[in-house]
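Here's a quick walk through one protein chain, from its overall build down to a handful of residues. Have the viewer open as you read.

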Amino acid sequence: MTRPNIILIITDQQRYDTIAALGFPHVDTPNLDRLVREGVSLEQCHVSAASCAAARASLFKGHYPHTTGILKNADRWRRSWIESLNDAGYYCVNIGKMHTWPYVTELGFHERFVVENKDRYLEGRYFFDEWDKALRFRGLIKQQRELYRKLPDYRQSLGAFDWELPEDTHPDFFVGDMAKWWIESTPKKDPLFLQIGFPGPHPPYDPIRRYADPYLNKDLPLIPVTPEELERQPPALQELRVHNSEIDHDSVIMPLQITEQQRHRQRAYYLANVTMIDQKVGEIMESLEANGYGDNSIVIFTSDHGDCLTDHGQSQKWTMYEQITRVPMIVWAPERFNGGQSVEGLVQQMDIGPTILRWTGVEVPDDLEAVAINDAFEQPGEFQGRPYVYCEQVRDGVLTGCRFMTMVRNQTHKLVHFLDEPNGQLFDLVNDPDELNDLWEDETATGIKSQLLDELREWRIRSGVHTKDWCADYR
């Protein structure tokens, strides 16, 4: 079989529990459901960072954030394994969000049509991306934080607002339509690497209202948030709650006390954004199949991390709950892999990088910390996965209460470590899958706590030895 085209679709801040066919029937995602039915789904795919740029750099470099040195948004990153695809003859195109810094660095792409965060305020505030240009050409003013702040209910909206500009100017529709335009108007590239980055459902949660209405009238599952849980959270997470109640990151203010009605409305708007993206994924699939990319292509769908959406009393990301670290990973290639299969082994999201390289016949560098998981798709019933997965987050403009946070997780337990702090988190994921009962101080859990702390130490040492030559060419 000839080298496949690779279409990598990445959303921003999409939780695992947002696709009906993955077991969450309250979500309307017919096109993603098709990918699940006809593809292979990784049930336990975990990102390696709890914020956008660090997670994406890890994905496209194949190293953990502590190795790349890209630990937060606006840390410079300009190199990736996409360069190897380029060198091997792939035509490489990015349409939408990548979150590189600078935004327009080549990164190995022949063409880039950059669309970045919907609400850029801390960095890139005055950067004009393709979406900004289109709005300006049409004489439209982008919905943004300065305008949302004028709304009388701004502090109570939890970042959920109606999209009131023309429907085709919504950023997720804009990116989807641009991807369709490129596929339909550009002479066929063989082979092709196409990365499509949707800005949503990252906040502001701003769907077109007709997509939100059905969710507003649905019962949506919400994990209970109790005073007992909030009181037991480590100081860094308690400080994070206060911070997010005072500062409106991405147009989201989350008061310390909110109602179930507020929670439900925010969740409805978020899921409406997912449904809008699902519609565009379906249209992109139609364009691929109508323009010669349907037969010898591998379509990959994933997200860079999730969103607490008020679960655990937290806003957005910057924590290590499953709502953040666990993301969808669906691989569709009917000619290559039997569809309708799921894989339960633990994987790091960055493992898809060397897997892509193997599919394309490109040599995988020996020093990558990501590992190829081709067997997960070719022999899913026998795939065991990693014994542990890890996630990291450094202090930044939002997570201000700790220097560095690290998560280690196996199939049964999760531990969260705060650098130079005596506190942490420990969860029994078998008996407490919603992570409501922190066992950090529980004497009956000292054995598993010591095991995971030991693994955290050994992992960092192994990592340093394994990657000792990654910068040899720059010494």
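What follows goes from the whole chain to its cysteines, two strand residues, a loop leucine and some backbone oddities.

**The chain as a whole**

Keep in mind that this is a predicted model. The protein chain carries 15 helices and 13 strands. Its radius of gyration is 21 Å, close to the 23 Å from the globule rule for 475 residues, so the chain is as compact as a globular protein of that length. If you want a box for it, the C-alpha atoms fill roughly 60 × 55 × 45 Å along the principal axes.

Of the 475 residues, 62% count as buried. Take the contacts between residues at least 6 apart in sequence: 71% of them join residues at least 24 apart. On the outside, the chain exposes about 18300 Å², with carbon and sulfur atoms supplying 49% of that. As for charge, there are 50 positive and 74 negative side chains, and the centres of the two sets lie 5 Å apart.

**Cysteines without partners**

How many disulfides are there? The count is zero. For C45, the nearest cysteine sulfur is that of C391, 11 Å away. The sulfur of C402 also has C391 as its closest cysteine partner, but at 12 Å that is too far for a bond, given that a disulfide needs the two sulfurs within 2.5 Å. C45 is buried at 0% relative accessible area, and C402 is buried too, at 1%.

**Two residues on β10**

E392 sits in strand β10, which covers residues 389-394. Is E392 buried or exposed? With a relative accessible area of 2%, E392 is buried, since the cut-off for buried is under 20%. Beyond its neighbours within four places in sequence, E392 has contacts that include S48, Y64, H66, M320, F404, W459 and R460.

V394 belongs to β10 as well, and is buried at 14% relative accessible area. Leaving out neighbours within four places, V394 is in contact with L71, K72, L399, R403 and F404. Going much further along the chain, V394 and P203 are 191 residues apart, and their C-alpha atoms are separated by 21 Å.

**A leucine in a loop**

L429 is in the loop between β13 (424-428) and α15 (446-466). Its relative accessibility is 11%, so it counts as buried. What does L429 touch, not counting residues up to four places away? The answer is R409, N410, T412, H413, K414 and E435. K414 is 15 residues from L429 in sequence, with 7.0 Å between their C-alpha atoms.

**Backbone oddities**

Two peptide bonds are worth clicking on. The one from W101 to P102 is cis, with omega near 0°, and P102 lies in the loop between β3 (91-96) and β4 (111-114). A cis bond also joins P203 and P204, with omega about 0°; P204 is in the loop between β5 (192-201) and α8 (209-216).

Then there are these residues with positive phi, neither of them a glycine:

| Residue | Phi | Loop between | Relative accessibility |
|---|---|---|---|
| D250 | about 55° | α10 (235-246) and α11 (260-290) | 9% |
| L309 | about 50° | β6 (297-303) and α12 (322-325) | 1% |

D250 counts as buried, and so does L309.

How values were computed:
Residues numbered from 1 in each chain as written. Predicted model: local features only at pLDDT ≥ 70, side-chain atom pairs only at ≥ 80, totals over all residues. Heavy atoms only, no water. Buried < 20%, exposed > 50% of the residue type's maximum accessible area, 1.4 Å probe, protein only. Helix = DSSP H or I, 4+ residues; strand = E, 2+ residues; numbered from the N terminus. Rg over C-alpha atoms; globule rule 2.2 N^0.38 Å. Contact = heavy atoms within 4.5 Å. Areas by Shrake-Rupley, 256 points an atom, 1.4 Å probe, with all protein chains shown as cover. Lys, Arg positive; Asp, Glu negative; His and termini not counted. Charge placed at Lys NZ, Arg CZ, Asp CG, Glu CD.
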